[in-house]
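Biologist: Could you take a close look at one part of this model for me? I'd like one residue and its surroundings first, then whatever you can say about the cysteines and the chain as a whole.

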Amino acid sequence: MSTQILERPEQKEADTGPEMFHYVRKDKIAESAVMGTYVIALCGEKFPVTKAAKPGSPVCPKCKEVYDSWGE
């Protein structure tokens, strides 16, 4: 019996340009970060929260447009 080594091809995320952060419901952020549940951003994108945005981070233009349309 022989043993074969299978090489795994290098896996890399698609280069989508600079990482953008989305606006999501505040009460869902911690739950998603701890439990791994998905959140839905204002733009409609669904994803688990894995990182916290830092001041000055780029924001999704669609999320910003929706947020700004609500007024203050």
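Modeller: Sure, let's start with Ser32. Its relative accessibility comes out at 1%, so Ser32 counts as buried, the cut-off being under 20%. Keep in mind that this is a predicted model, so everything here is computed from it.

As for where Ser32 sits, it belongs to helix α1, which covers residues 26–35. Its side chain has a polar partner too: one of its polar atoms lies 2.6 Å from the backbone oxygen of Thr37. Thr37 also turns up in the contact list of Ser32, along with Val39, Phe47, Pro48 and Val49, once residues up to four places away in sequence are left out.

Now the cysteines. Take Cys60 to begin with: its closest cysteine sulfur is the one in Cys63, 3.9 Å away, and that is too far for a bond because a disulfide needs the two sulfurs within 2.5 Å. Cys63, for its part, has its closest cysteine sulfur in Cys43, at 3.7 Å, so that pair is too far for a bond as well. The disulfide count by this rule is zero. Both of the residues we started from are covered up: Cys60 is buried with a relative accessible area of 7%, and Cys63 counts as buried at 0% relative accessibility.

Stepping back to the whole chain, you have two helices and two strands, and reading along the sequence they come in the order α-β-β-α. The chain has 72 residues, and buried ones make up 11% of them; Ser32 is buried, and so are Cys60 and Cys63. If you take the contacts with a separation of 6 or more, 40% of them link residues 24 or more positions apart. On the surface side, the chain exposes about 6,900 Å², with carbon and sulfur atoms supplying 54% of that area.

Last, a word on confidence before you set anything up with this model. The average pLDDT of the chain is 80, and 74% of the residues score at least 70. The stretch to watch is residues 11–16, where pLDDT stays under 50. For those residues the model has zero contacts beyond four places in sequence.

How values were computed: Residues numbered from 1 in each chain as written. Heavy atoms only, no water. Helix = DSSP H or I, 4+ residues; strand = E, 2+ residues; numbered from the N terminus. Buried < 20%, exposed > 50% of the residue type's maximum accessible area, 1.4 Å probe, protein only. Polar contact = N/O pair within 3.5 Å; in protein donor to acceptor, adjacent residues only side chain to side chain. Contact = heavy atoms within 4.5 Å. pLDDT = per-residue confidence, 0-100. Areas by Shrake-Rupley, 256 points an atom, 1.4 Å probe, with all protein chains shown as cover.
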